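Please open the structure in a viewer and keep the selection panel at hand. The tour below proceeds from one selection to the next.

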Amino acid sequence: MISLIRSINSNEDYKKRLILFLKIFIALISGIITILWIILDKAELPNQIFKMIVGVWIMGLALLSIPTPRKEKLPQIFSLVEIIVISCLWLFVEVESKGVEIFMQNGSLTLVNGLAFSMLLFLMTSGFFLIFGLADIINFAHGAFFMLGGFMGYEVYLLSESFLITIPFLGNDPVLLSFICFIFGLIGATIILGLIGIGIEVTTIRRLFRKPISQILLTVGFLYIILQLTEIIWGPAIFTYNYVSGSQTGIFWLPRSAILDLGGGMRFEIYRIFLILFGLVIAIGMFLVLSRTRIGLIITAGIEDPEMVNALGIDTKRVFTLVFATGAAMAGLAGAVAVPQVNASLDVAGNYLIYAFIIVVIGGAHFGRFAGTFWASIIVGLSHTFCQFFYPGLESIILFLILLAILTFKPGGLTGEPM
Amino acid sequence: MVTHTNSNKNKQKQSIITKISDLISANQVSISVITVLYLLPLLTNSELSPLRGFINLLSGFMIAGIFALSFDLQLGRTGLLNFGQAAFFGIGAYVTVWCLDPILPSPLGDILNLIPFPLTLVAAIFAGMVVGIVMGATTNRMKGTAFAFIALAIAMLVLEFMELKENLAISGGESGLSVTRPFLLTNWIVYMLMVLFVIFILSLFVILVVKDTRERFAFLFLNFRPRRSAFSYSEKERISSTRVTTSWIIGVAVFILLLILVVPNILDMYLFATDIWFKIPILYWLILTSVLAVYIFVKRLTISPFGRVLSAIAQNEDRVKALGYNTFYYKILSVTISGGIGALAGSLYTVNNINVSTPETFGIGQAINAMLYTILGGLGTLLGPFVGAVLIEFSEWRMVRFLWTFSIDGQWWLVFLGIIYIFIILFFPYGIVGSLQLRSRSLKTRIREGWFNIRETDYWWLTLISLVLILALMLDLENIMKRIVEIFEQIFSLFP
Amino acid sequence: MNLLEVNDIHVYIQSFYILHGISFFVPEGKTTVLLGRNGSGKTTAMRAILGLNPPRKGEIIYKGVNIAHLPTHKIVQRGVGYVPDTRRIIKSLTVEQNLEIALRKGSKTYDERLSEIFELFPDFERFLGQKAGSLSGGQQQMLAVSRALINDNDLLLIDEPTEGLSPLLAKNVLKTLHAIKEKRKTVLLVEQNFAAAKSVGDYYYIFDDGKIAHNGKMETLVDDHELISRYLGVNV
Ligand SMILES: Nc1ncnc2c1ncn2[C@@H]1O[C@H](COP(=O)(O)OP(=O)(O)OP(=O)(O)O)[C@@H](O)[C@H]1O
Ligand SMILES: [Mg+2]
């Protein structure tokens, strides 16, 4: 075994050909199996996992075919064709078996939900990515920031509601009231988390500048502290806004029944559409800041070569403080905006930390570009939601399979380099 | 320099006994510590006592230590940050469960059930190494953090797989699986064999006492000898010192004293203990022996040419490649070995804990733990991960009660732990052992040369004393704290 | 008189002892060349001046102030420009953006400075919007040099500007060095190409294994054939 690996390693040419061969082989086999599976009805094959693996290989191969700077495009073209054929077949079978109406309903609903989730993930992960890119710090406290943002947003919401409800003009209009309070909640969470971020960075993380391993441990310490403090303050309960129209306070402006009906069975929750738009606006804003302003350029440059940026006379420590605070603030914002969907509770911290890991790696961790994080968020969000809907129970496995598939073929992720 | 060549010349003439005694005197500190650790269970009998509870606790700590060491072998030695360490731990734990109980479906389950108990550890190690090969194979293309994440992905994949509804039977779900305890662990014959082994270790210790009595007295009465460096006295002088009859007498006296202390307990165990009473001491010895084996193995590994290449890779992989080494081969081996050790930790955990569940063994919490132990203790210091593991586990265990003595609600324990971690890493950026080593180097030389005329070989005394002190502290910490608080309260009550 | 004085600096990289007590002077308005074979510590000396590998012992006096323990950005802000040996331009940004982040506030406006750069590199105007990663090696080198020139720096640290360039491009770079010299800028240059070093240098220091083996005026070195062949391996 090892001698085989060795021989492959030593012979570059042979290795390349072997990988090419493997790629084509995997694409071929997985394609055939998937087509068989679709034709033979989904329940036939023994193991669900097996099916998922096949599906994921195909997704991975599809993703490979998007950015193609390399010379050997054969497997990529191959897999692209295969994807198209398989998707057509899948569509056909789905539509045949369930009818156009239901298929459209399910498909479009999942798409919107998936996109909303993606935007949420993007909001949260953008800060994680910047912190990681600039200083190599894997911020274990990021999920905790996200969670804390949820609680803060919720608290600020209730607080501002209790103030504003006395104003007759607002008190009579619950929808407007809750909308304004929600916005206040978002702003509040962003500011509070930003301040916490600055505090953490200035008092501790800055002191271990350029010792990423020790800094990671600091963030673990803060993860514990935030988690436990949250539990002490709010208890283990799950918090979310009220949707019952009878209750007086904490009513959310977009209850689950607030639905946008486009006809043809396509009905979407307005909150999700709001989430998509909100996420897009923030994303575009961040892109503009990163590519147009001086500070944005410095951050972009800092991700590529922090030392050289320092040697150009820029105080990278200060820039990093800013980025860390912004990252925490963005996580807080994401947490606050997510409360109607994911609730404010303690489990959120761990789960979303892992999402952040996955997205950053798929998007390109080392020397990755910001766009990579955006696309990775969309991939993760969509595949998670689709899987949840069509193959419930496998949604968490699929993310890791996607990660494996992408990293096998592009070790640096979508945009990064493998160090 | 001179003595070095001398000893080279004498090498052929040395008998086995002198070789052994040389080996012993070269490792005085470790042998003292090992002896104390091995002796602990013999100080308990078939009654419940705090020491017994403490021994049980120590077993848990040492398992954490093994796990930390497996992590350090990658991060500290090879520079591979591995977030998927929990996969090794989990696979080790579960393979042990599958071996000990008929859980798995027919073909594989039957084979695993054939493996008798101590060999299950080997099976677990083997399984861990297989996972290690898979993870290590990715190091060909993944470097730095990318490797950390892909390892995490592999680990999470295994976790998610175990948590699937279809696999509930083999994973035990949320509540986990419970193992039947192996027969060997609750058996007085094994206990007696272990006792013999402990007495053997004890006699090694006594030889050590005899050998260096003269030097030690010199230490006790401070500055009796004229100042001289560690290597200046000749071979002849050393041998003559072992002939001093008084030191033989003292040695035998120590031996008999310890036996007198211990034998009643052994007899008591033999006469009155039921099977279950043997579990804690036997398991403790098993774990302690594994710790030693792993420690020595890793230590030998790191000073071997292989280990040097690993450290070289950690520092600058490209250079090592340029020197013509196939770094991939070294990295994959490093991950594989580490996987085996991690699985051993998991396996011992199963035997020790009886109950195993997926989130506890495969979860990301385990991976974070491994990282905490290693970084807090000191990367790449071998001893550091152990110190970190014991410290963290200990403070986790004590924190709630510790807070109670200051009438703080127990809920705050994790907050305080977090604060402690942050403080430790702020003041010891290279971990406790790592930073202390850096700082104490100057102190050490000062002590050795100027202050008390203590030589390197005399450190084991200090070690022994401080170890005993720490043990005492650990056993009665909260009472001591309570006393201190009481004293303070009394003092404050004087000022109305 | 001396813009920069390096007094007996000892530099470590991690635990490796690289520079064993090095001293040299960089007179104002002159070009000082550091010579020596590969791995003798020239780049390390430059990085020490910049604070990227701060010395454990010794002083670095710049404009009369000891800058040995200042953070890098403070040193650079005092008017030190750096052209690193591997160019290290920011590949994901455009040429213009590269210049933009290098620019510090000063007396002249951005446009004025840009036009000065264009005087030196006329064909630069065409590449302004291009991604720096897509430039050729020579163009990247020019970008690295102009990044140091865009500020009114008093001292320029230039590390092997001709490394990896074709003779024609190397000639171009040399021309630039002469142009810089004509502007009476102070330059500390590392240059392996002895002919090039000879033509621009006023003073030289020869590094050997982390120590300074020889120093003096360039004219005297040019005549000392034995020294040249011993330390630089060049047969004249
Ligand atoms: N990161 C590092 N770790 C350990 N040693 C290093 C490191 N960087 C450089 N060195 C060592 O420092 C010494 C000096 O390196 P330096 O780059 O300063 O040489 P140089 O004179 O610039 O050589 P060249 O002409 O090849 O550029 C070399 O021996 C090198 O091996
Ligand atoms: Mg150099």
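Throughout this tour, two residues are in contact when they have heavy atoms within 4.5 Å of each other. The model shown is predicted.

**Stop 1: chain A against chain B**

Select chain A and chain B together. Under that criterion, 47 residues of chain A and 46 residues of chain B form the contact. About 4400 Å² is buried between chain A and chain B, and carbon and sulfur atoms account for 80% of this area. No salt bridges are found across the interface of chain A and chain B, and the residue pairs in polar contact number two.

Next, restrict the selection to the side of chain A that touches chain B. The elements giving two or more residues to this side are α1 (2-10), α3 (48-64), α9 (212-234), α14 (347-363) and α16 (395-409) of chain A. Which of them should be coloured separately, as the element with the largest share? That element is α9(A), which supplies 15 residues. Colouring by class then divides this side of chain A into 32 nonpolar, 10 polar and five charged residues.

**Stop 2: chain C against chain A**

Hide chain B and display chain C with chain A. Here 21 residues of chain C are in contact with 17 residues of chain A. The area buried between chain C and chain A is about 1800 Å², with 58% on carbon and sulfur atoms. Select H73(C), R88(C) and I101(C): these residues lose the most area to chain A, and together they make up 34% of what the chain C side buries.

How many salt bridges link chain C and chain A? There are three; one of the pairs to display is R88(C) with E307(A), whose side chains meet at 2.9 Å, N to O. In addition, 11 residue pairs are in polar contact across this interface. On the chain C side, α2 (72-77) and α3 (95-102) are the elements that give two or more residues. By class, this side has 10 nonpolar, five polar and six charged residues.

**Stop 3: the sheet of chain C**

Now show chain C alone as a cartoon. An open, antiparallel sheet of four strands runs in the order β2-β1-β4-β5. Because β2 (16-27) and β5 (65-66) of chain C each have a single partner strand, they stand at the edges, with one side of each lacking a neighbour in the sheet.

Zoom in on β1 (residues 2-13) and β4 (residues 57-62) of chain C, which pair antiparallel over five bridges. Selecting L4(C) shows that residue opposite Y62(C) in β4(C). Finally, select helix α1 (residues 42-50) of chain C, which lies across β1, β2 and β4 of chain C and runs at about 110° to β1(C).

Terms used. Residues are numbered from 1 along each chain as its sequence is written. Chains are lettered from A and ligands numbered from 1 in the order in which they are written. This is a predicted model: local features need pLDDT of at least 70, side-chain atom pairs count only at pLDDT 80 or more; totals for chains, interfaces and linings use all residues. Side-chain values use heavy atoms; hydrogens and water are left out. Buried area is the accessible area (1.4 Å probe) that two parts lose on being put together, summed over both. A salt bridge is a side-chain nitrogen of Lys or Arg within 4 Å of a carboxyl oxygen of Asp or Glu. A polar contact is a pair of N or O atoms within 3.5 Å; within protein, one must be able to donate a hydrogen and the other to accept it, and residues adjacent in sequence count only if both atoms are side-chain atoms. Ala, Val, Leu, Ile, Met, Phe, Trp, Tyr, Cys and Pro count as nonpolar, Asp, Glu, Lys and Arg as charged, and the others, Gly among them, as polar. Two strands pair if DSSP finds at least two bridges between them. Axes are lines fitted to C-alpha atoms, for helices over the stretch in contact, and angles run from 0 to 180 degrees between N-to-C directions.
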